[in-house]
Amino acid sequence: MKNLTKQVVIIAIAMSAIVGCKKGAEGNFERQTGAGGPFTGADSVISGNISVSRTLSPGKVYRLNGIVFVTNGAKLTIKSGSILTAGQKVNYKIDPGRAIVHPVAGLLVITRDASIDALGRADQPIIFTSPKESSSRLPGDFGGIVILGNSNINKSSAQVMDGLPRYDADGNYLGVDLSYGGTNATDNSGKLNYIRIEYAGSKLASDIDGGGLTLAGVGAGTEISHVQVSYSASDAFAFLGGTFNANYLLAIGAEDDDFSFTNGYTGSIQYAIGLKDPATAHSIAGGVSDSNGIESENDHSGTNYNPKTKPHLSNFTLLGYVSTNAGIRAGNRWRRNSDLSVTNSIIAGYNKGIEFHTGTEVSATAGGFTNNNVHAFSSVFSLTTAISLAGSTNFTSTDVNPDAFVGLGIRGAKNLNPFYSTAIASTYNINNLTPRILSSTIGAVLSSNRNEWLSGWIQFAPQTSID
C-alpha cells in the first residue's frame, strides 16, 4: 500500500466484449465452465470474522462482503479451482470520531497467528477476481489480500497496518488485532500457490488504495509461489518487512508499483515479471508519475533502522513501454536508505532505468546491482556514482528501440514484441518473454523454466476471461 494522495492519468481505450460470464440478479457470476467447473451450487456469502478453521472448495463462487478477517489462530484453507469475488460493500471508519465512512468489499485479511493455505494447481488456480462481467471490470472491484505476520520489521514494536479500518460505520471497535511484526523470523502464515488476484485495490481511506497482495511482517515459514496480480489500483505486490522468500510472481497492469518494499523486508525473490499496460491509469506524486517496476525504501521516514530493507532479487523481467511515456517513472526506484541486491535481471522500456537517491546512493551495499541488462529512454542510472554500482558489470542501452536490446521473443511466438499492450493482450504469451538466445540466464523466463510459466496458471486477458 502506498500512503499518498493519488491522481491518475486516464488513458481512454476501446474494448470489444467477447463471450463472458452471465450474471444473476444480484450481480453474481453464473459460471457454467471454468476453473473447477461446472458450477451447479449457489453462491456462498462470507462476512465478518473467520475465527474457526474453514475450508473452501470449488463448485460455487464465494462472495466476500466487506472485509473478511481470519482471526483467533484459525486457518482458512482454499482448495484448487475455487473462485472468490467481492460481495456487498460495507462501510467502515478509520477514525471513530469523524463522520467519514469508507465502503469496502472483497478484502481478505489474515491476522497474526492465523493462516491461509491457498493451494491451487497449475491447471486449476485459485482466482480472486472482480464480480463484474466481461469488458466492464476495473481496478478496485476486488479488495485484495493482506497477510499480517510475526516476523522481523525495522520498528521497535509491532505496527498497525496503515489504512485498514478498525471501526464499523457507527464508530464501534471491530475487535480485530491489525498489527504486524515481531521477532519470529521463521513465522508461518501459510501457503499461497498457483493463485490469481485480479482487479484489486479497494480505496481504504481518502489517501490510501489497497493493493493486490500485501505481506506485512510475514516469516520465512510461509510459502509464496506462482502468484499473479493483474490490474491493481495500487501496488501489485507490497512487502512490509518480513523474511519470507518467493518465486514465480507476475504483475500486469498495476497502476502504481509492480513490487514495493519497505519496513525491513530481507527475503529473496527469484523469477518475477512486471509488465506495464498503457491502457491503465498511473499513480502521480508531486505532479509526476510515480508508477515504477520496483520501489523500495527503508521506511517512510528514511531512517537507518535495522534490519535495513534489502530485498535479494534475481531473474526479474520488468518492462515498461516500447516508446517513451510520461505515465511511468523508473524501472527501479531505490530510495530512503533502502539497501538492495539485484542480479540477472532485465529492466527496459522506462524513461529512467534505475534511480538511487535519498540515502541509498551512498549507504547501500557496494556492488549490489550487477549483471543486469538495463534500458532507458533518457538516463539508465541516476546516479551513475551510486555505491550499488561500484565494481559492478551491467549491460545498458538508451536506444529508441528497446525491443532490439532486450532480445526477447522466441521464434513461433504470435508476436515477438515483448512489451505489453492492449492490442496484443488477447494473444500475449510467455514466448514473448523468452530469450531469443536460449542459453541466456538473464530474466525471469529461461529455456530451463519456461514450462513453469506455461503450465496453465497464468491469464494475460483477465478482462474477458471466464476462468
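This passage describes the secondary structure, packing and selected local features of a predicted model.

The chain contains three helices and 38 strands, and 60% of its 467 residues count as buried. Of the contacts between residues at least 6 apart in sequence, 67% join residues that are at least 24 apart.

Among the strands, three form an open sheet in the order 12-11-18, with antiparallel pairing. Because strand 12 (102-104) and strand 18 (167-168) stand at the edges and have a single partner strand each, one side of each is left without a neighbour in the sheet. Strand 11 is joined to strand 12 by three bridges, the two strands running antiparallel, and N91 stands opposite P103 of strand 12. Strand 11, which covers residues 90-93, is also joined to strand 18 by two bridges, again in antiparallel fashion. In this pairing K93 stands opposite Y167, while the bridge partner of Y92 in strand 18 is D168.

In soluble globular proteins, nonpolar side chains tend to be buried together. In the present model the largest nonpolar core comprises 64 residues, of which F128, F237, L249, I269 and F369 touch the most other members. The element that gives the most to this core is strand 37 (residues 373-382), with four residues. Apart from this core lies another of 30 residues, which includes Y231, V406, V445 and L446. The surroundings of F128 may be described in further detail: when neighbours within four places in sequence are left aside, F128 is in contact with I78, L84, L108, F142, I145, I195, R196, I197 and E198.

Two charged residues in buried positions were examined next. D277 is placed in the loop between strand 28 (268-275) and strand 29 (284-285). D277 is buried yet has no salt bridge, and the nearest side chain of opposite charge, that of K276, is 11 Å away. The side chain of D277 is, however, joined to that of Y231 by a polar contact of 2.5 Å, and Y231 is itself among the residues of the 30-residue core. Beyond neighbours within four places in sequence, the contacts of D277 are with Y231, G253, H282, Y321, Y420, S421 and T422.

The second of these residues, R333, is located in strand 33 (residues 330-335). With a relative accessible area of 7%, which lies under the 20% cut-off, R333 counts as buried. The side chain of R333 makes a polar contact of 2.8 Å with the side chain of D290, and another, of 3.2 Å, with the side chain of H357. When neighbours within four places in sequence are set aside, the residues in contact with R333 are D290, N292, I294, E295, S296, E355 and H357.

A further aspartate, D399, is found in the loop between strand 38 (395-397) and helix 2 (402-406). D399 has a relative accessible area of 39% and is therefore partly exposed, since this value falls between the limits of 20% and 50%. The side chain of D399 reaches the backbone nitrogen of N401 at 2.7 Å. Outside a window of four places in sequence, D399 is in contact with H375 and F377; the C-alpha atoms of D399 and S378, which are 21 residues apart along the chain, are separated by 9.2 Å.

Several backbone features in loops complete the description. Most residues other than glycine have a negative phi, and most peptide bonds are trans. Against this background, the peptide bond from N306 to P307 is cis, with omega near 0°, and P307 is placed in the loop between strand 31 (294-297) and strand 32 (312-319). A cis peptide bond also joins S382 and L383, where omega is about 15°; L383 is found in the loop between strand 37 and strand 38.

Positive phi values occur at two asparagines, each in a loop. N72, in the loop between strand 8 (67-70) and strand 9 (75-79), has a phi of about 60°. The relative accessible area of N72 is 65%, which is over 50%, so that N72 counts as exposed. N344, for which phi is near 55°, is found in the loop between strand 34 (341-343) and strand 35 (346-356).

Conventions:
Residues are numbered from 1 along each chain as its sequence is written. This is a predicted model: local features need pLDDT of at least 70, side-chain atom pairs count only at pLDDT 80 or more; totals for chains, interfaces and linings use all residues. Side-chain values use heavy atoms; hydrogens and water are left out. Two strands pair if DSSP finds at least two bridges between them. Buried means under 20% relative accessible area, exposed over 50%, partly exposed in between (1.4 Å probe, protein chains only). Lys and Arg count as positive and Asp and Glu as negative; His and the chain ends are not counted. A salt bridge is a side-chain nitrogen of Lys or Arg within 4 Å of a carboxyl oxygen of Asp or Glu. A polar contact is a pair of N or O atoms within 3.5 Å; within protein, one must be able to donate a hydrogen and the other to accept it, and residues adjacent in sequence count only if both atoms are side-chain atoms. Contact means heavy atoms within 4.5 Å. A nonpolar core is a set of buried Ala, Val, Leu, Ile, Met, Phe, Trp, Tyr and Cys residues joined through side-chain atoms within 4.5 Å.
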